[in-house]
Amino acid sequence: MSIPKIFIFIFILTFNIQAEIRYVSKTGNPEPPYLTWETACDSIQKTINICAAGDTIIVGPGVYNEAVVLIQGLTLLGSGIDSTIIDISGIPEDQHAIIMKHMCVVKFITMIVDRDYNGNTDVCLGALGDAPYIKDIGLLESCKMIDGIVGIASSYMMLDIKNCIIAESSGGFRLSANISGYYMTIENNVISSRDECVWMLYGPSPTFINNIFITRNSHAVLTGFSDTLRLYNNLVMTDFEPDGSGIGIGEYYMEAINNIVLGKFKRGIWATSSNNIVKNNYVSGAVSGIEGYAGQYPVVTHNNCWDNDYNYLNIPNLDSSNISEYPMFVNPDSGDYRLQMYSPMIDAGDPEIPDKDGSRSDIGLFGGPFGESYTYRDLPPLKPRHLTQSVDDSLVVFNWHRSFEADLCHYSIDIFYDEDSTQVTTSFDTTQFRDIIPKGTKVAKYYIGSVDKQGNVSERHEIKIILVGVEEEKKNNPEGYKLSHNYPNPFNPQTNIVFYSPDRARARLSIYNVNGELLEEIFNDEVEKGYYTVEYIPELKGETISSGVYLYILEIRKENRIVYSDMGKMIYLK
């Protein structure tokens, strides 16, 4: 056995023999030794000051307004992630809520900085090594970091981080070391930040597994000169349009495998080196889905880029294993990114990478050895998208966008005239349906849905056309444009907005709150002469709007000039 290993073994054995458990309480006393709850200390730092390596400190519930500096080999345990809180918002700036040292363990604590961000070192947790050659692993688990310049800053330390939450911080992780070989596992955390969720520089070699990264203004994961970076089965998101990448990769070795990147990033995944391996990922919503760098040949295989402005860009060796297909997630609006049966992403990953059950890997969040085994569900397709209708005399025309499900078979319509007769159309594959309403009909009802190859039927659009009302509108407004009142109003969960165009034009219908802020554009298309009904469902895209008054504004353009505009008010009740 080498001398360093003998030293470490003796050191661990010594402090385990002498280890003590000490207690901290909000109602504690200042006198040591703090060996029971009855004799607990009133300060975390006072307790640390009499501890030795190997000791454990258990901290009771409450808010502790003190910055804490641990010693090497110490375990600090709170009473629960929302029960024990270290809050340094009221003490001088340029502080860390907790500074960890080598071989420390910290669990079940919330750290709050809550600064105006004038300083540079206002950090919730700093993991600072005393010497670059000590590589013993510490552990941070089940903690929460709130409102710091950085949630976790680690320098010269090997630190495993699990089940933690970083929220409302300017940055998530800052990882650095001037020498190589600092290995870290960062697993099952949620990081929400204004800027980079992860920034790495000089040396650390972390592995990120099953994390959620949410950024507002910048890159989500950005590497500088990290030796090795491995990203497996992470969800990367933004709700804004940052001038950055979901995953931005430096010039050293990097693996990005089985991740999902969503949102209007400038680049979903940016692979800048031939040392980069990008496999089994799903990217959607970005300007460029997966983008290479001039003169570099990263390994980019078995990915699915869907609905980006450019799905693949600057990748000269792109092969046919990379696809651009609708993913068929179970329910992305609720965050369920498991795959439905018949998804084109099933068994479409790298055949050399097995799923958890040993089969060929799926593309996406639950594929690969760090994924999840589950039963694929045969769900109905989504109902036809962006359905619009026009009515002119007795002719009604429905148009919609084609569905993307791989197992889609056809569309179906059930028609009821005045409730006393029914016509069923069950197999047409076009995205337009025209119907001549029989003379004398007062009310026509249409139920329009999608049908897959297994016979599953989607939810249906329900459209009611009152012919008496149409005739009355035409009498009152024989030539001009018209925006009618929405119905029903108040509404929940959906309402219909009707407008009339006497000729060919471009119509734009948008939803605003009472502060004039645009919430959603629900229609923007060329229209012919006729009446149009646009369905509005606030929860359709996952928006969570509150009860209240909302505005809908119609703009009609001809030759790039607005020729008509009108506004209506509607009430949403939860």
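This is a short chat about a predicted model and some of its rings, strands and cavities.

Visitor: Hi! What should I know about the numbers before we start?
Guide: The model is predicted, so to speak of local features we need pLDDT of at least 70, side-chain atom pairs count only at pLDDT 80 or more, and totals for chains, interfaces and linings use all residues. Residues are numbered from 1 along each chain as its sequence is written, and side-chain values use heavy atoms, with hydrogens and water left out.

Visitor: Thanks. How many aromatic pairs does the structure hold?
Guide: There are 21 aromatic pairs. Rings of Phe, Tyr and Trp (its six-membered ring) pair if their centres lie within 6.5 Å; planes under 30 degrees apart count as stacked, over 60 as edge-to-face and the rest as tilted.

Visitor: Why is the pair of Phe491 and Tyr572 called tilted?
Guide: The planes of Phe491 and Tyr572 meet at 40°, with ring centres 5.3 Å apart, so the pair is tilted. It links distant parts of the chain: Phe491 is in the loop between strand 44 (482-483) and strand 45 (495-501), while Tyr572 is in strand 50 (residues 561-572), 81 residues apart. Strands here are DSSP runs (E, at least two residues), numbered from the N terminus.

Visitor: Buried or exposed, those two?
Guide: Both Phe491 and Tyr572 are buried, meaning under 20% relative accessible area with a 1.4 Å probe and protein chains only (exposed is over 50%, partly exposed in between).

Visitor: What else is in that loop between strand 44 and strand 45?
Guide: Ser484 is found there, and at 13% relative accessibility Ser484 counts as buried. Ser484 and Thr533 are 49 residues apart in sequence and 9.8 Å apart in space, C-alpha to C-alpha.

Visitor: And which sheet do strands 44 and 45 belong to?
Guide: An open sheet of three strands, in the order 44-45-48, with antiparallel pairing. Strand 44 and strand 48 (530-536) are at the edges with a single partner strand each, so one side of each has no neighbour in the sheet. Two strands pair if DSSP finds at least two bridges between them; strand 44 and strand 45 are joined by two bridges, and Leu483 stands opposite Phe499 in strand 45.

Visitor: Changing topic: how many cavities of 30 Å³ or more are there?
Guide: Two cavities reach 30 Å³ or more, and the largest holds about 80 Å³ of space. On a 1 Å grid over the protein atoms alone, a cavity is a set of points where a 1.4 Å probe fits but cannot get out, and lining residues have an atom within 4 Å of a point. Grid points are joined across faces, edges and corners, and a volume is the space filled by probe spheres set on the points.

Visitor: Which strands supply the lining of the largest cavity?
Guide: Strand 37 (385-392), strand 43 (461-466) and strand 48 each supply at least two residues. The lining includes Leu387, His461 and Thr533.

Visitor: Any parallel strands? What about strand 11?
Guide: Strand 11 is joined to strand 14 (residues 158-162) by five bridges, running parallel, and Gly138 stands opposite Leu159 in strand 14. Strand 8 (residues 105-107) also pairs with strand 11 in the parallel sense, over three bridges. Four of the five residues of strand 11 (residues 137-141) are buried, so strand 11 is largely enclosed by the rest of the structure.

Technical notes. 1 Å grid on protein atoms, 1.4 Å probe; cavity = no way out; pocket = protein on both sides within 12 Å on 5 of 7 lines; lining within 4 Å.
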